[in-house]
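Dear colleague,

I am passing on the structure we spoke about, and below it you will find my notes on what came out of it. Please read them with the model open beside you.

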Amino acid sequence: MGKVLIIGAGGVSGVVVHKCAQHPEVFGEIVLASRTKSKCDAIAAQLKRPIKTVQVDADNVPELVALIKKEKPDLVLNVALPYQDLHIMDACLETGVNYLDTANYEPEDTAKFEYSWQWAYQERFKKAGIMALLGSGFDPGVTSVFCTYIQKHYLDEIHTIDIIDVNAGDHGYPFATNFNPEINIREVTAKGRYWEKGEWKETAPLSVKHPFKVPENIGNPNIYLMYHEELESLAKHIPHLKRARFWMSFGDSYLKHLEVLGNVGMTRIDEVEFNGQKIVPLQFLRALLPDPASLGPRTKGKTWIGCQVTGIKNGEKKTVTVYNICDHQECYREVQSQAISYTTGVPAMIGAKLMMSGIWKGQGVFNMEQQDPDPFMDELNRCGLPWKVIEQAVIDLG
Ligand code: NDP
């Protein structure tokens with residue numbers, strides 16, 4: 001039985017806290033700390049068992065260190081924003097406590113995310129004898145585990161990976177994002193990027209698309225080529241890999257709004273002068289948009305997220321697809337959240353559970369594909385995100 005310190009009290013955090021609370025044999029004590037304590041208290045009030053809530057500014061390393069020293073957790077689970085990653089890792093290093101997150105660091109003033117900043121902690125974490133698990137959400141997270149599961153059980157060599165993320169849910173708003181609007185819009189408006197034959201290729205934002213008839217009648221959306229952070233770590237860690245791409249579905253209404261908001265400058269991340277005050281347009285937009293944590297009761301439909309992987313088995317070419325389907329309303333009934341937060345929060349809890357049980361272990365900084373996929377895949381089935389394997393392609397992406 002251990003103690004977890006969860007940082008951040010947004011949409012994903014709500015799910016993580018619910019799911020950790022369901023496993024008292026591992027998470028004997030739960031401390032939830034965030035910038036706004038009332039949000040921690042609101043999550044705590046949804047639970048059947050008591051947890052402790054605390055106010056903390058995760059950008060203030062001494063404040064974090066003091067909190068970690070006082071609470072003495074076995075693991076710090078970071079579900080604040082990517083901007084906080086390095087500060088929380090610094091506090092973990094100083095206190096000698098294991099670390100887990102769901103999204104890689106990005107600096108607030110540049111819409112750029114890459115692992116270099118966090119991989120740079122490798123030697124320091126190793127020397128301190130502690131572990132950092134990076135990207136234990138769904139994508140990144142489960143998608144990497146799906147790939148290593150296929151590598152372990154179905155293929156001798158992986159040659160191509162296509163990660164496909166479909167949200168066929170509907171929240172009824174003309175425009176809203178399913179996770180933090182600022183992070184979401186920064187990601188979606190970035191250039192597309194994929195890995196091919198040892199180098200990165202760039203495409204204009206959302207310029208490459210394919211229609212996709214999603215298995216099991218989930219929907220018929222267009223999926224768009226995007227850059228996503230697990231491509232970077234998969235390209236580094238999967239041997240023989242020739243190409244890795246990431247695709248995400250978007251509805252026409254979402255894209256139309258995004259285009260207009262971009263055209264009028266509302267997605268800018270630099271400061272502008274307004275009424276004698278400096279504001280960042282994207283942060284202002286965030287204040288106007290629905291809070292993702294409030295979408296739960298109104299979102300209907302399903303998500304489909306999977307990896308279509310090709311390679312060779314016994315000298316023959318073979319394609320294998322692993323996917324999960326998640327129902328927004330079922331998630332809401334279980335943990336009062338929509339499926340995007342659910343599909344992120346459940347893997348974060350599972351990563352923490354495996355680390356705290358000593359099943360996933362190591363010293364240094366790890367991406368998901370560097371650990372044994374089997375225990376994680378078993379936990380997905382047990383904890384609300386069951387998956388299927390089919391030994392065929394689901395789409396021809398060329
Ligand atoms: P939210 O914006 O809903 O929640 C973020 C929380 O972090 C808020 O409670 C916020 O506080 C808190 N926070 C922000 N800054 C600080 C700070 N300096 N100190 C303490 N707390 C702080 O985001 P989501 O829940 O939607 O996303 C959480 C994380 O999950 C993000 O990093 C996101 O990128 C990641 N994610 C990963 C996915 C995956 O599959 N891997 C998918 C979706 C999300 P306040 O309430 O005061 O604003």
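Please bear in mind throughout that this is a predicted model. I began with the ligand: there are 33 residues around it, and those that come nearest are Gly-8, Gly-10, Ala-58, Gly-137 and Phe-179. Sorted by class, the shell around the ligand is made up of 15 nonpolar, 13 polar and five charged residues. Helix α1, which spans residues 11-21, supplies the largest share of that shell, namely three residues.

That helix deserves a second look for its surroundings. Eleven of the eleven residues of α1 are buried, and α1 is therefore largely enclosed by the rest of the structure. The buried residues include the charged Lys-19, as well as Gly-11, Ser-13, His-18 and Cys-20. Among the elements that cover the buried residues of α1 are the strands β1 (2-7), β2 (27-34) and β4 (75-78), together with the helices α2 (37-44), α12 (328-335) and α13 (339-356).

The other part I looked at is strand β11, residues 222-226, which is mostly covered, with four of its five residues buried. Strand β10 (residues 209-211) is joined to β11 by three bridges, and the two run antiparallel; within this pairing, Lys-209 has Tyr-224 of β11 as its bridge partner. β11 also pairs with strand β12 (residues 243-249), again in the antiparallel sense, over four bridges, and here Ile-223 is found opposite Ser-249 of β12.

With best wishes

Terms used
Residues are numbered from 1 along each chain as its sequence is written. This is a predicted model: local features need pLDDT of at least 70, side-chain atom pairs count only at pLDDT 80 or more; totals for chains, interfaces and linings use all residues. A residue is near a molecule or strand if its C-beta atom, placed from the backbone, lies within 6 Å of it. A residue is buried if 20 or more other C-beta atoms lie within 10 Å of its own, exposed if 12 or fewer, and partly exposed in between; C-beta atoms are placed from the backbone. Two residues are in contact if their C-beta atoms, placed from the backbone, lie within 7 Å. Two strands pair if DSSP finds at least two bridges between them.
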